[in-house]
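Thanks for agreeing to look at this one with me. My notes follow as numbered points, so have the model open beside them.

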Amino acid sequence: MKFSLLVITFFSMSSFLHGQQKTEDLDTQDSIMVEKLYGLAKENSDRRPHEAKKYLYQIVHYIDSLVVPRKSENNYFNKRKADAYHFLSYYERRENNFDEAAILAQKSIDIKLAHGLDSLLATSYHQKAKAWISVLNSMEDGIKQLEKAEQVAIKHKQTKQLLEIYSSFGSAYGVASDTVNAMKYYNKSIRLVDSIGTDYQKAAMYANYAAILRRFNDYEGNLPYLQKAIALHKKNNNKIGLESGLYALGIHYTKVGQPQKGIMHLKRAIDICLELKSDAVLPFRYLALSRGYEALGDYKRSYKAYLEYHKLLKKRNDVEEAKKLAKLETAFVYERQKVIDSLQFAKEKGELELITEAESSKKQLYLTLLITTILAAIVIGYLIRRIYKNRVLLAKEELEKNKRELADFTKQLITKSNAQEALTKELEELKKDVGEKVSIHKLQDLATSRILTQDDWYNFKERFTTVYPLFYNIIKNKGYELSKSEERLVAMEKLGLDTKQIANMLAISEDSVMMNRYRLRKKINAPKGAPILEFLED
């Protein structure tokens, strides 16, 4: 009997050890595969970013295919997946896809929070902050993400990460034209990077510092830092950083009156862009080249570079930049027509000088008729203006009244949502005091119900369409069928509400608002980076 138990125990232990060994072998094989893909992504990161993105997505899909218990037990896979999302966010941000960049950064944050990788959160918060800072009206949210990143870096004594965060603080305050805070944080980052930074970090910090100095028109001070950044990028064979530095150097020399040097550096930047297939930034390199030739006085080459900019911009399908281009083209056509008109005028003037004195009386008659016609037109115009002036004033007053009513009603909704949010918090506190009771849950359900009720939405939409009567018709005529939630979102965007206000009014998270924007952009096939409202109303 004892022998039988011993045999059973032996085989049980053998099976357990064999199973454990098999699991370890599988983990080893899978980790080798993931590490191989990660190494390929890293290898292509500076020279072939599109290839790097492909390998990063392969990492995500490969880890998702693993058995769930193995992933939860082995934090290596969770860390690599979070890293993949982090770097994908970086590439999307570099291509001006800021919505996607923020969503990918949040995915990295969620994985790290769920699996206890708190010490790695600083980089993801920082990445999300940079995506937010690049989005219009989101500077405040971006700075909040930077503050979170700073707290994590300080807590875990991550000095190298801290210096990059300080640099981003400087960029954010620079965009906001807060010179004092911008220089304060940039000086912090420069002091840190000089003492502890790697070559890669030094290059990034020097380039960012040079950019803020150019923003404040300190071209003499920016040049040494820009040159040091370029030298380090060359040393490390970082083609992305080198291209960016050469582009900045080209603009610098054009600004300081040395366009020949500027053109030389811009051409080198364009060559690297073509090599890296950086379609998102390539049009603007040709635009800078066009301006360099213009400063040099070579208008033929300037126009040729300008046409290339136009062609690439059209290919990139960037609506906002295309509008700017159309404006420039209109100005160009206008100037050309002025020249043609001037030549025609000179020709006609020469012909008039050859007219005989016998025709002078006829000219005087024509002049008299012209003056009479002009005077009659002025009198008639004055009378018409006087008749319709009161109507215009009344219509304007009515429109202003409707706008005020809409603004007041919107403020009421915002106040209501804020009050309901406060009520939810109070109920949470009450729940802690009195315990889990049905009455408390019912009150909590009421508190977390939608802020914008059906009646609120009906009243809001009625006032909104009074002020903007053609808004929804324009969208519908373009063939877009919006859901009720999408109608609410675009109406609040039209009123200039920020992400937090929209989230509070609809009782959803700020990330949900971002996701709704992203889905709407996909639904209407809006180009990446294009403002949704301008695309819908254009």
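Which helices do the buried residues of α9 pack against? They pack against α8, α10 and α11, and that is where these notes begin.

1. Ground rules. This is a predicted model, in which local features need pLDDT of at least 70 and side-chain atom pairs count only at pLDDT 80 or more, while totals for chains, interfaces and linings use all residues. Residues are numbered from 1 along each chain as its sequence is written, and side-chain values use heavy atoms, with hydrogens and water left out.

2. Helix α9. The buried residues here are A182, M183, Y185, Y186, S189, I190, L192 and V193; buried means under 20% relative accessible area, exposed over 50%, and partly exposed in between (1.4 Å probe, protein chains only). Helices are DSSP runs of H or I with at least four residues, numbered from the N terminus. The 18 residues of α9 should span 26 Å at 1.5 Å a residue, and the end C-alpha atoms of α9 agree, being 26 Å apart. That expected span is 1.5 Å times one less than the number of residues.

3. The largest nonpolar core. This core has 34 residues, and L146, F169, Y209 and I212 touch the most other members. Helices α6, α7, α8, α9 (179-196), α10 and α11 each give two or more residues to it. A nonpolar core is a set of buried Ala, Val, Leu, Ile, Met, Phe, Trp, Tyr and Cys residues joined through side-chain atoms within 4.5 Å. Leaving out residues up to four places away in sequence, I212 touches G170, G174, A182, M183 and Y186, where contact means heavy atoms within 4.5 Å. A second, separate core has 31 residues, among them A210, L223, F284 and Y293.

4. Helix α7. This helix covers residues 139-155, 17 in number, and reaches 24 Å between its first and last C-alpha, close to the 24 Å expected. Its buried residues are M139, D141, G142, I143, Q145, L146, A149, E150, V152 and A153. Their cover includes α6 (121-133), α8 (159-175), α22 (499-506) and α23 (510-523).

5. A buried lysine. K128 lies in helix α6 and is buried, with a relative accessible area of 4%. Beyond its neighbours within four places in sequence, K128 is in contact with A102, A105, Q106, I109, Q145 and D511. Of these partners, Q145 is also among the buried residues of α7.

6. Two positive phi values. K157, in the loop between α7 and α8, has a phi near 55°, which is positive in a residue other than glycine. K157 counts as exposed at 74% relative accessibility. N237 also has a positive phi near 55° and sits in the loop between α11 and α12; at 40% relative accessibility, N237 counts as partly exposed. I would give both loops a second look.

7. Salt bridges. How many does a search of the whole structure find? The search finds 18, with a salt bridge defined as a side-chain nitrogen of Lys or Arg within 4 Å of a carboxyl oxygen of Asp or Glu. K235 pairs with D199, and their closest N and O atoms are 2.8 Å apart. This pair links distant parts of the chain, with K235 in helix α11 (residues 219-235) and D199 in helix α10 (residues 199-215), 36 residues apart. K235 is exposed at 61% relative accessibility, whereas D199 is partly exposed at 23%.

8. More pairs. K239 and E275 meet in a salt bridge at 2.3 Å, N to O. Here too the pair links distant parts of the chain: K239 is in helix α12 (residues 239-255) and E275 in helix α13 (residues 259-276), 36 residues apart. K239 is buried at 18%, while E275 is partly exposed at 45%. D298 and R301 also form a salt bridge, at 3.6 Å, N to O. Finally, E35, K79, R80 and D83 are linked in a network of salt bridges.

9. A nonpolar surface patch. L367, L370, I371, I374, L375 and I378 make a patch of about 570 Å². Nonpolar patches join Val, Leu, Ile, Met, Phe, Trp and Tyr side chains within 5 Å, from residues with over 30% relative accessible area and no salt bridge; areas come from the Shrake-Rupley method with a 1.4 Å probe, counting only the protein chains shown as cover for residues. I378 belongs to helix α17 (residues 360-434) and counts as exposed at 52% relative accessibility.

Technical notes: Patch = residues over 30% accessible without salt bridge, like charges linked within 9 Å, V, L, I, M, F, W, Y side chains within 5 Å.
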